[in-house]
Amino acid sequence: MFARISRLFTIKTKFEAYLIIYGLATGAAERGVHYMKLYPGAMGWVFFALCPIAVFMAGAKILDSFDVLD
């Protein structure tokens, strides 16, 4: 039973990986907008810039987990 449920949360194709990365990027951009409202000025922009950088690192790790020959 747990094996069937765990298959739902397994990334099997690069297309699924790109969809997950898109969702992470959308959420990070939204979080960055909230940071810009919460911290006006330079600190808001710094926090806004750090949000997508975290997505770039996570996306690279996700895509790196796939075999090169796919």
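This section describes the confidence, helix geometry, packing and surface of a predicted model.

The mean pLDDT of the chain is 89, and 96% of its residues reach 70 or more. Among the elements of the chain, the lowest mean pLDDT, 84, belongs to helix 1 (residues 2–8), whereas helix 2 has the highest, 94.

Helix 2 comprises 25 residues (residues 14–38), for which a rise of 1.5 Å a residue gives an expected span of 36 Å. Its end C-alpha atoms lie 36 Å apart, in agreement with that expectation. Within helix 2, the buried residues are Ala17, Ile21, Ala28 and Gly32. These buried residues pack against helix 3. A further relation was computed between Pro52, which is placed in helix 3, and Thr26: the two are 26 residues apart along the chain, and their C-alpha atoms are separated by 9.1 Å. Pro52 has a relative accessibility of 27% and therefore counts as partly exposed, the buried class being restricted to values under 20%.

A nonpolar patch on the surface is formed by Leu38, Tyr39, Met43, Val46, Leu50, Ile53, Phe56 and Met57. Together, these residues present about 820 Å² of accessible area. Helix 3 (residues 42–64) supplies the largest share of the patch, with 6 residues. One of the patch members, Ile53, is found in helix 3. The relative accessible area of Ile53 is 41%, so this residue is classed as partly exposed; the exposed class would require a value over 50%.

Terms used. Residues are numbered from 1 along each chain as its sequence is written. This is a predicted model: local features need pLDDT of at least 70, side-chain atom pairs count only at pLDDT 80 or more; totals for chains, interfaces and linings use all residues. Side-chain values use heavy atoms; hydrogens and water are left out. Patches are made of residues with over 30% relative accessible area and no salt bridge: like charges are joined within 9 Å, nonpolar side chains (Val, Leu, Ile, Met, Phe, Trp, Tyr) within 5 Å. Accessible areas come from the Shrake-Rupley method with a 1.4 Å probe; for residues, only the protein chains shown count as cover. A salt bridge is a side-chain nitrogen of Lys or Arg within 4 Å of a carboxyl oxygen of Asp or Glu. Helices (H or I, at least four residues) and strands (E, at least two) are DSSP runs, numbered from the N terminus. Buried means under 20% relative accessible area, exposed over 50%, partly exposed in between (1.4 Å probe, protein chains only). The expected span of a helix is 1.5 Å times one less than its number of residues. Contact means heavy atoms within 4.5 Å. pLDDT is the predictor's confidence in each residue, from 0 to 100.
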